[in-house]
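Hello,

I am passing a structure on to you, with some notes on what turned up in it. Please have a look at it first, and then read on below.

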Amino acid sequence: MIKLSQPNISDAAIEAVVDVLKSGNLVQGVQCEAFEYELAEYLGCSDVVLASSGTAALHLALLSLGIGPGDAVIVPDFTFPATANVVKITGATSVIVDVDRDTYTLSIENLESVIRDWNGPDQLKAIMPVHEFGCPVQMDEVNRLAKEHSLFVVEDAACALGATYKGTKVGTLGDIGCFSFHPRKTLTTGEGGALATNSPSLAKRLRRLRSHGMERTGSQVQFIEPGLNYRMTDFQAVLGRHQLPDLDKWIKDRAALVEVYRSELSALEQRGIIKLPARVEGHSWQTLMITLDAEVNRDELIKSMRGKGTEVNLGAQSLSSIGIYSDSKFKCKNGSYLYQSGLALPLYENLDRSGVNTISGSLIKCLK
Ligand SMILES: *Cc1c(COP(=O)(O)O)cnc(C)c1O
C-alpha cells in the first residue's frame with residue numbers, strides 16, 4: 001500500500017533516541033534546549049519554545065496573549081479543527097472566515113470585510129491564519145490589518161515548517177507562530193510542537209505556562225501563575241534534531257514531485273475532472289490536495305484507489321460545516337467546497353517519480 005505520508009527516520013536517529021533513553025535524562029533537558037536553539041537558527045527568530053504537540057503550542061500561544069472569555073479570534077474555515085478548538089477552550093469565540101478556493105488559505109478580502117464590519121459583542125483580539133498544507137498566507141496583508149485594528153497575529157504553521165513568505169520563514173511573521181511535529185507533518189517527533197516568537201517576554205511567559213506556571217531563580221522555584229504541563233521529552237527532541245538538517249532538501253524533493261503530479265494529471269485537469277492547487281512561492285508541500293468535479297463520487301474513488309494499493313483521503317475540514325461550529329456567523333462557500341471535493345494524494349520525499357506515475361495512472365483509471 002502506498003501511504004499518504006511516511007515518516008523519515010534514519011537509523012542514526014533511532015540510535016540517538018536509544019542513547020537518550022539510556023542516559024536517564026528524559027524530559028526538557030539538553031536535547032530540548034539544543035533543538036530549540038537549532039530551530040530558532042533555522043527559522044531566523046529570537047526564541048523557540050518546544051511543546052508537547054501542535055495543539056498544545058496553539059493553546060499556549062493564546063494563553064500567553066491573555067485571550068479568554070469576551071474575546072474573539074479569527075480563524076479560517078478550512079483547517080484542522082484544533083485551530084478553532086483551542087480558541088473555544090480558552091473561553092473565547094472563534095470567528096470563522098472563508099478561504100480562497102485556489103490556495104485553500106484565509107481570503108484576505110473576507111478577512112478585511114469581517115474586521116471592518118465587526119460589531120461585537122465579543123472584542124476582536126487576534127487573527128490566526130493557517131498556512132494550510134504548507135501554503136504561505138499573504139502575511140503582509142494580515143499584518144497590515146492586524147496593525148490597523150490592534151490585533152495579535154498567531155500563525156498556525158502546524159503543517160508548514162520550512163515554508164517561506166517573501167523569503168522569510170512562516171511562523172516568524174506574526175506575534176507567535178505554532179508548529180506541529182505529528183507524524184503527518186514533514187518533520188516528526190511522534191507527538192510534538194513548537195512556538196516561535198521574536199519577543200523574549202512572550203517567550204518567557206510561554207516557557208512558564210508550559211511548565212506549571214513555574215519559574216526558577218537559582219535553586220528557588222516559584223509558582224507565578226496557573227500553568228500546564230506541555231513539555232516535550234528529550235527523546236522526541238533528539239529525533240527532531242536529526243531531521244532538521246535534511247528538511248529543506250525534503251521540501252525541494254516534495255516540490256519536484258508535485259510538478260510530476262501536475263504533468264501526469266494535466267489531461268484530467270484540462271477536462272475539468274480535477275483541479276490542482278495554485279502554484280505559490282515558498283510552499284512547503286506538507287500535503288498535496290486536489291479538488292474533484294462535483295460529478296465524481298469521492299467515497300467511491302477513495303475505495304477504488306485503496307483497491308489499487310494507494311491510500312488517498314479527504315484534505316481538511318470546513319469548521320462551519322461540522323457540528324460544533326455550525327452556528328458560525330459567516331457563510332463559508334469555499335471552505336465547504338474544499339471539504340466536500342478535496343482529495344489528498346500521497347506525498348513524501350521518499351516517494352519517487354515512479355511512485356507518482358503509478359498513483360497518477362491509478363487515478364486516471366479510476367476516473368474513467
Ligand atoms: C496538524 C495540525 C494541527 C495539530 O497539531 P497536533 O500536533 O496534531 O496537535 C493544528 N493545526 C493544523 C493546521 C494542523 O495541520
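**Pockets, cavities and the ligand**

The lining of the second largest pocket is made up of seven charged residues, three polar ones and one nonpolar one. Before going further, please keep in mind that this is a predicted model.

Let me stay with that pocket for a moment. The second largest pocket holds about 310 Å³ of space. Its lining consists of Gln28, Lys204, Arg207, Arg208, Arg210, Ser211, Met214, Glu215, Arg216, Thr217 and Arg231. Two elements give two or more residues each to this lining: helix 7 (200-210) and strand 11 (214-217).

Now to the largest pocket, where the ligand sits. The largest pocket has a volume of about 570 Å³. It is lined by 29 residues, and Phe80, His182, Arg184, Lys185 and Gln286 are the closest to its centre. Sorted by class, this lining has 13 polar, eleven nonpolar and five charged residues. Helix 3 and helix 4 each bring at least two residues to the lining of the largest pocket, and helix 3 has the largest share, with three residues.

Which residues come nearest to the ligand? There are 17 residues around the ligand, and the nearest are Gly54, Thr55, Asp156, Ser180 and Lys185. The side chains of three of these can be followed atom by atom:

- Thr55: an N or O atom of its side chain is 2.5 Å from an oxygen atom of the ligand.
- Asp156: an N or O atom of its side chain is 2.9 Å from a nitrogen atom of the ligand.
- Ser180: an N or O atom of its side chain is 2.6 Å from an oxygen atom of the ligand.

How much of the ligand does the protein bury? On its own, the ligand exposes 380 Å², and 91% of that is buried by the protein.

The shell around the ligand has eight polar, six nonpolar and three charged residues. Helix 3 (54-64) and helix 4 (82-90) each supply at least two residues of this shell. Helix 3 gives the most, with three residues. So you will meet helix 3 and helix 4 both in the shell around the ligand and in the lining of the largest pocket.

Finally, a word on the cavities. How many cavities of 30 Å³ or more are there? The count comes to two.

The largest cavity has a volume of about 50 Å³. Around it are Cys159, Ala160, Leu161, Ser180, Phe181, Lys185, Thr186, Leu187, Leu247 and Gln286. Six residues of that lining are nonpolar, three are polar and one is charged. You will recognise Ser180 and Lys185 here, as both are among the residues that come nearest to the ligand.

The second largest cavity has a volume of about 40 Å³. It is lined by Ser5, Gln6, Pro7, Pro183, Arg184, Lys185, Thr186, Arg254, Gln286, Leu347 and Glu349. By class, four of these residues are charged, four are polar and three are nonpolar. Lys185 and Gln286 appear in this lining and in that of the largest cavity, and they are also among the residues closest to the centre of the largest pocket.

If you would like a place to start, try Lys185, which is among the residues that come nearest to the ligand.

Best wishes

Key. Residues are numbered from 1 along each chain as its sequence is written. This is a predicted model: local features need pLDDT of at least 70, side-chain atom pairs count only at pLDDT 80 or more; totals for chains, interfaces and linings use all residues. Side-chain values use heavy atoms; hydrogens and water are left out. A residue is near a molecule or strand if one of its heavy atoms lies within 4 Å of it. A polar contact is a pair of N or O atoms within 3.5 Å; within protein, one must be able to donate a hydrogen and the other to accept it, and residues adjacent in sequence count only if both atoms are side-chain atoms. Accessible areas come from the Shrake-Rupley method with a 1.4 Å probe; for residues, only the protein chains shown count as cover. On a 1 Å grid over the protein atoms alone, a cavity is a set of points where a 1.4 Å probe fits but cannot get out, and a pocket is an open set with protein on both sides within 12 Å along at least five of seven lines; lining residues have an atom within 4 Å of a point. A molecule sits in a cavity or pocket if more than half of its atoms lie within 2 Å of its grid points. Helices (H or I, at least four residues) and strands (E, at least two) are DSSP runs, numbered from the N terminus. Ala, Val, Leu, Ile, Met, Phe, Trp, Tyr, Cys and Pro count as nonpolar, Asp, Glu, Lys and Arg as charged, and the others, Gly among them, as polar. Grid points are joined across faces, edges and corners, and a volume is the space filled by probe spheres set on the points.
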